[in-house]
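I wanted to look into the charged side chains of this chain and to note where they pair up. These are my entries, in the order in which I looked things up.

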Amino acid sequence: MQVHETTIQRAISFIENNLHEPLTAEQVASQAGFSKFHFHRLFQASVGLSFTDYIRRRRLAGASSALLHTELGILDIAFMFHFESQEAFTRAFKKHYSLPPGKYRSMMRAALHQKEEKMEDKQVRGWILSGSDPHNYEMGNDYKQVHQGKASGYLMSKTVIGADEFATMMQQFKAANYVGKRLQLTCFIKTENVQSFASMWMRVDNTSDDIVQFDNMSNRPIQGTTNWTRYRIVLDVPDNSAAISFGVILSGKGKVWADGFRFEEVDESVPTTNIDMTYHMRDEPVNLAFEEELS
């Protein structure tokens, strides 16, 4: 499974770097080293979309951003994202966004202008800003940097000084519907100038508020500037679980975008990414004279 995940991510990176180039299913499959048919099955099972649908949605998301944040004509945008005609672009765009491109541009620009005046864009429905220093960070919706759909969520530093400061954009919900299951969380994340680290995280707490499963990607942190990349966490939800929390962490300075969180039940053939936080007490004290070297 991990080999397949690495393969899928390599293909996604290839797509992200070539959205403005002609792309065929054969090209993407060849990046993964599989036949077109076999890779289609792997990609569909992992991402939830065929890779042709994924490419189309990524190009439509890029087109929606171009409509809102550039003055390019609709035909120019259509050709930029490799639609064969303005009519084909309009049909695909209207099917996905329920509005033709021209009307989407005018209505969304008016709505965004209204939000900016009211500063509503700094509140994100369902999400809370927490962490050690949340007042030094900002979260909000971004309509320009989007992976799929109309918007992504972002978390960015404002008045951060030290690398040990952090904030998280998070949610928490009851575990009752997932007890006894193995749960996979996936998300697409993009970063800019992250100096310490950014990551996705997930935690399962029991009825005593003890942590029973946890992964914050501390063994695979995101740093620097990265393009949209798919990340995954897999945790068990034991019988005594009460709450599941998840979100995105930003430590130190930088900016992180998240889009397309997705929960799904997986079977035991998918290994968990749980970080063992159990404290194991030794039978006897060790290295009392401080002479022993680390091996």
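**Charged side chains, paired and unpaired**

I began with R220, which counts as partly exposed at a relative accessibility of 27%. I should record at once that I am working from a predicted model. R220 makes a salt bridge with D215, and I find 2.5 Å between the closest N and O atoms. On the acidic side, D215 is buried, its relative accessible area being 0%.

I then looked up how many salt bridges the rule yields, and the count comes to nine. I followed up some of these pairs.

One of them joins R58 to E16, where the closest N and O atoms are 2.7 Å apart. I placed R58 in helix α4 (residues 51–69) and E16 in helix α1 (residues 2–17), so this pair ties together parts of the chain that are 42 residues apart in sequence. I also looked up accessibility for both partners: R58 is buried, with a relative accessible area of 6%, and E16 likewise counts as buried, at 8%.

Another pair is R109 with E71, for which I noted 3.2 Å between the closest N and O atoms. R109 belongs to helix α7 (residues 101–118), whereas E71 sits in the loop between α4 and α5 (74–80), so here the bridge ties together parts that are 38 residues apart in sequence. As for exposure, R109 is partly exposed, with a relative accessible area of 27%, while E71 is exposed, at 67%.

I turned next to an acidic residue without such a partner, D142, and asked myself which side chain of opposite charge is nearest to it. The side chain is that of K255, at 4.1 Å, and D142, although buried, has no salt bridge. The cut-off matters for this entry: a salt bridge needs the side-chain nitrogen within 4 Å of a carboxyl oxygen.

Where, then, does D142 lie in the fold? I found D142 in strand β2, which covers residues 137–142.

What does the side chain of D142 have as a polar contact? My entry here is W257, whose side chain is joined to that of D142 by a polar contact of 2.9 Å.

Finally I listed the surroundings of D142, leaving aside residues up to four places away in sequence: D142 touches K150, A151, S152 and Y154, and also K255 and W257. I therefore keep K255 in my notes as a residue that D142 touches, but not as a salt-bridge partner of D142, because the rule asks for a distance within 4 Å and K255 is 4.1 Å away.

Key: Residues numbered from 1 in each chain as written. Predicted model: local features only at pLDDT ≥ 70, side-chain atom pairs only at ≥ 80, totals over all residues. Heavy atoms only, no water. Helix = DSSP H or I, 4+ residues; strand = E, 2+ residues; numbered from the N terminus. Buried < 20%, exposed > 50% of the residue type's maximum accessible area, 1.4 Å probe, protein only. Lys, Arg positive; Asp, Glu negative; His and termini not counted. Polar contact = N/O pair within 3.5 Å; in protein donor to acceptor, adjacent residues only side chain to side chain. Contact = heavy atoms within 4.5 Å.
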